[in-house]
Amino acid sequence: MRTYTVRDVVGEGRDTLLVVDIVVHEPGEDGACSGPGNDWARAATIGDRVIVVAPRRGHDFGGVEWLPGAATDLLVVGDETALPAIYGILRDLPADATGTVFAEVPHRDDVLEDVVGPVGVEVVWLPRDGAPRGEELHARVLAHLARTADDHAAATAAVSAVELEAAPEDDLLWETPVYSASGEDVSGTVAADGPYAGLYAWIAGESRIVTGLRRALVKDLGVDRRQVSFMGYWREGVAMKA
Ligand SMILES: Cc1cc2nc3c(=O)[nH]c(=O)nc-3n(C[C@H](O)[C@H](O)[C@H](O)COP(=O)(O)OP(=O)(O)OC[C@H]3O[C@@H](n4cnc5c(N)ncnc54)[C@H](O)[C@@H]3O)c2cc1C
């Protein structure tokens with residue numbers, strides 16, 4: 001069993017389609033980098049059957065964890081596995097929403113024209129085109145949030161210092177404004193003043209890249225933990241638990 005995002009539900013009745021985008025990743029020569037989700041998607045043909053456990057339309061089930069509250073400055077960050085969620089977030093934003101999206105994709109051909117939001121939300125595509133995963137993404141997010149000269153200097157230095165150290169536990173990072181997998185206190189309210197007043201950030205993708213951004217935002221820049229959802233969607237070199 002593997003987890004994917006419901007990108008969309010289109011059509012009605014017997015013609016209803018559940019739309020899921022599965023990123024296929026290259027299996028290594030010994031098959032070490034493949035997995036059941038990848039193998040299924042690579043071999044899938046029309047008529048194949050699959051068992052799906054999915055939320056019911058109209059029933060709140062969580063998953064995407066889009067919890068902006070009254071935020072006025074939205075920041076959405078993700079890699080290719082987060083694109084279906086980002087598509088849905090942007091589609092459902094109110095017309096007067098403002099913010100920025102940083103979307104990392106493997107190659108410039110992977111840019112998706114239909115991932116667009118309201119006019120006040122800029123979508124910045126960051127194709128790796130062979131560069132290390134998360135490198136430019138990390139630096140661009142830090143530069144976006146930089147408020148002081150020191151912050152700007154740290155963002156520039158970050159290009160060569162992306163955090164790739166493994167989290168101590170096996171589980172993927174999963175923290176939202178109202179939930180902490182590590183048991184941190186998330187009670188109380190966020191201060192209405194300060195450099196990040198009005199900010200809500202949603203960050204999803206490879207777990208170590210997300211962990212690195214968490215450290216930079218919360219520990220280095222001082223963003224309130226309750227203004228961010230951090231979600232590890234997968235871990236490089238580690239198969240998900242079934
Ligand atoms: C809430 C949530 C929503 C998600 N939504 C989506 C989605 O809509 N689309 C989507 O494609 N993924 C999505 N994912 C991520 C997906 O569940 C993982 O990528 C999963 O590991 C894929 O399973 P697998 O069987 O291919 O590989 P696994 O058996 O889990 O892992 C085998 C190997 O493949 C590597 N690997 C896994 N995924 C990737 C990848 N994307 N790129 C490179 N190497 C990889 C692993 O590091 C490991 O070495 C989501 C995850 C979560 C938690």
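Trainee: How far does a backbone N or O atom of Cys33 lie from an oxygen atom of the ligand?

Mentor: Good place to start! This is a predicted model, where local features need pLDDT of at least 70, side-chain atom pairs count only at pLDDT 80 or more, and totals for chains, interfaces and linings use all residues. Residues are numbered from 1 along each chain as its sequence is written, and side-chain values use heavy atoms, leaving out hydrogens and water. For Cys33, the backbone atom makes a polar contact (a pair of N or O atoms within 3.5 Å) with the ligand oxygen at 2.9 Å.

Trainee: What share of the ligand's accessible area does the protein cover?

Mentor: Begin with the backbone: an N or O atom of Thr3 lies 2.7 Å from a ligand oxygen, and one of Arg235 lies 2.6 Å from a ligand oxygen. On its own, the ligand has 900 Å² of accessible area (Shrake-Rupley method, 1.4 Å probe). Of this, the protein covers 92%.

Trainee: Which element gives the most residues to the shell around the ligand?

Mentor: The ligand is surrounded by 25 residues (a heavy atom within 4 Å), with 12 nonpolar, nine polar and four charged. Strand S9 (228–234) and helix H1 (36–43) each supply at least two of the shell residues. With three residues, the element giving the most is H1.

Trainee: Where does pLDDT stay under 50?

Mentor: The chain averages a pLDDT (the predictor's confidence in each residue, from 0 to 100) of 90, and 93% of the residues score at least 70. One stretch stays under 50, and the model gives it 10 contacts (heavy atoms within 4.5 Å) beyond four places in sequence. That stretch is residues 163–167.

How values were computed
Polar contact = N/O pair within 3.5 Å; in protein donor to acceptor, adjacent residues only side chain to side chain. Helix = DSSP H or I, 4+ residues; strand = E, 2+ residues; numbered from the N terminus. Nonpolar A, V, L, I, M, F, W, Y, C, P; charged D, E, K, R; others polar.
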